[in-house]
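Dear colleague,

I am passing on the structure we spoke about, and below it I have set out what was found, region by region. Please have it open beside this message as you read.

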Amino acid sequence: MTKENSTYIIKTYGCQMNEHDSERISYILESLGYTQTEDLMSADLIIYNTCIIRENAELKIYGHLGSMKSLKEKKPELIIAVCGCMMEIEEAREVIRKTYRHVDIVFGTKNISSLPYLITQHLMANERVIDTEAVDDIDNLQKAVRKSDVSAYINIIYGCDNFCSYCIVPYTRGRESSRSAQSILEEVRGLVSQGFKEITLLGQNVNSYGKDLHPCSSFSKLLMELDRLEGLERVRFMTSHPKDFSDELIEAIRQGEKVCEHIHLPLQSGSTRILKEMNRKYTAEEYSQIIEKLRESIPNIAITTDIIVGFPGESDEDFEQTIEMVEKIGFDQAFLFKYSKRTGTRAATMEEQIPEEVKSQRFQRILDRINDICYEKNQHYLDSIQEVLVEGYSKGNKDMLTGRTRTNKIVHFPKGSVQVGELVSLKITGFNSFALEGEMI
Ligand code: SAH
Ligand code: SF4
Ligand code: F3S
């Protein structure tokens, strides 16, 4: 059905899950004969892989879709498709149905494998196709055309059962479902034989991996199995949830030679009262204890986090507790978000919504603190020797390469004779809050 030399472009929003889903969509399209283009205006097929985590993510997508209307009028044969988390929400599909009539195909997060069929259906009937029925088999996923040749994303668990009161993900990605270890190991072995050096295991809550399998398994067991794979250099994972962070997992990170010394552990708030309202199922104290244990076992571990400011009912005192916690823990990096009301979640119905102005003030205050703390953290790297996996060229400078330390710090350094994909030892010669500079030794 695809005409010769057809091109596609995927615009991806949101998290690593979506990035990896887009890599799988690329594989499907390339199997159908499409080739990738960077030029939106000339593409024959444009796919928007959407995110709905916060309101601004949603508005951005509606903005882009709106601007596609005139292009579609000029080029009626252009196919516009929308998929991803937004399309799992009925209200958002309704907006597409009513307001964005130039969208030809809608699919969801669990029927990516149906794409060839949906395209054919659209072309045959020349009408829009909206289908989000879950059909993908997580143990038999299609391959991916990956953005990197060095580092690969691997899905290990889908969905989320946690229902944090602010979060829409359980409604867009459904219930937790672990992929079989056999299917994961097979994919990783294949990647290693193609020369990949690093994998990042993906899930909304990786440390609840395996609980739903028969016989049941655990994330630590999976890490230990991956650690034995010859040829693989590094194993990363995200995101972990503090409530399921076991001692066994700390031990697996400590023992696993390939398991990198970095953990992304969202704190969300430093106030136990707010954490309870958020339905996070841990206290500020319990979070601190996990960090203490982690640092005791793995002294050089880097810790990054997510924080929400302005959750409904957050008082000045609650906010101060978050600041105190940020200072006490000393995160290597923290991703900050202003609370955004998501229809359908419990927090959206809470009475004491915080005014935008207060959210902005708190955001700025904590951001300034975090930048200072990250600067201090990175300063410790000065003059140290770090193992860096070279991932590619620095943006806009072909004489510089970029890679990451085991602790996930980005390092820029002069290219010399180093190749992408190599593991090199670098001396750290400079830094700012976000990255390091290095040179070969
Ligand atoms: N599963 C991961 C993260 C998923 S979303 C976890 O449990 O941590 C990534 C981050 O977006 C969350 O950690 C949270 O900080 C933020 N987030 C989610 N919903 C949000 C909302 N309604 N408003 C603001 N930030 C939100
Ligand atoms: Fe959302 Fe909470 Fe699940 Fe993370 S754990 S995806 S924040 S509901
Ligand atoms: Fe967004 Fe979906 Fe990820 S809502 S953050 S793309 S799981």
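A residue is called buried here when its relative accessible area is under 20% and exposed when that area is over 50%, with partly exposed in between. Please keep in mind throughout that this is a predicted model.

By that cut-off Ile10 is buried, because its relative accessible area is 15%. Ile10 sits in strand β1 (residues 7-12), and, leaving aside residues up to four places away in sequence, it touches Ser22, Ile25, Ser26, Ile47 and Asn49. Ala81 is 71 residues away from Ile10 in sequence, yet their C-alpha atoms are 9.3 Å apart in space.

Helix α2 comes next. For its 13 residues (55-67), a rise of 1.5 Å a residue predicts a span of 18 Å, and the C-alpha atoms at its two ends are 19 Å apart, which agrees. Its buried residues are Ala57, Glu58, Ile61, Tyr62 and Leu65. These residues cover an arc of only 135° around the axis, so they lie on the same side of α2. The face turned away from that buried side carries Asn56 and Leu59, which are exposed. The cover over the buried residues of α2 includes strands β3 (45-50) and β4 (79-84), together with helices α3 (69-74) and α4 (90-99).

Helix α7 (181-193) also has 13 residues, and the distance from its first C-alpha to its last is 18 Å, close to the 18 Å expected at 1.5 Å a residue. Within α7, Ser183, Ile184, Leu185, Val188, Leu191 and Val192 are buried, and the buried residues of this helix pack against β7 (151-155), β10 (198-202) and α8 (219-227). Just after α7, Gly195 takes a positive phi of about 105°.

The second largest pocket has a volume of about 440 Å³. Its lining is made up of 19 residues, and those nearest the centre are Leu141, Gln142, Lys143, Arg146 and Glu187. Two elements, α1 (16-31) and α7, give two or more residues to this lining, and the largest share, five residues, comes from α7. Sorted by class, the lining has eight charged, seven polar and four nonpolar residues.

Some details of the backbone also deserve a look. Most residues other than glycine have a negative phi, and most peptide bonds are trans. The bond between His214 and Pro215, however, is cis, with omega about -5°, and Pro215 is placed in the loop between β10 and α8. A cis bond also leads from Met238 to Thr239, with omega near 5°. Met238 belongs to strand β11 (residues 234-238), whereas Thr239 is in the loop between β11 and α9 (247-255). Not counting residues up to four places away in sequence, Met238 touches Gln16, Thr200, Leu201, Leu202, Gly203, Val206 and His264.

Positive phi values also appear at two asparagines. Asn126, in the loop between α5 (115-125) and β6 (129-131), has a phi near 50°, and with a relative accessibility of 65% it counts as exposed. Asn279, in the loop between α10 (272-277) and α11 (284-297), has a phi near 60°, and its relative accessibility of 25% makes it partly exposed.

With best wishes

Definitions and conventions: Residues numbered from 1 in each chain as written. Chains lettered and ligands numbered in written order. Predicted model: local features only at pLDDT ≥ 70, side-chain atom pairs only at ≥ 80, totals over all residues. Heavy atoms only, no water. Helix = DSSP H or I, 4+ residues; strand = E, 2+ residues; numbered from the N terminus. Expected span 1.5 Å × (residues − 1). Buried < 20%, exposed > 50% of the residue type's maximum accessible area, 1.4 Å probe, protein only. Arc of directions from axis to C-beta. Contact = heavy atoms within 4.5 Å. 1 Å grid on protein atoms, 1.4 Å probe; cavity = no way out; pocket = protein on both sides within 12 Å on 5 of 7 lines; lining within 4 Å. Points joined across faces, edges and corners; volume = space filled by probe spheres on them. Nonpolar A, V, L, I, M, F, W, Y, C, P; charged D, E, K, R; others polar.
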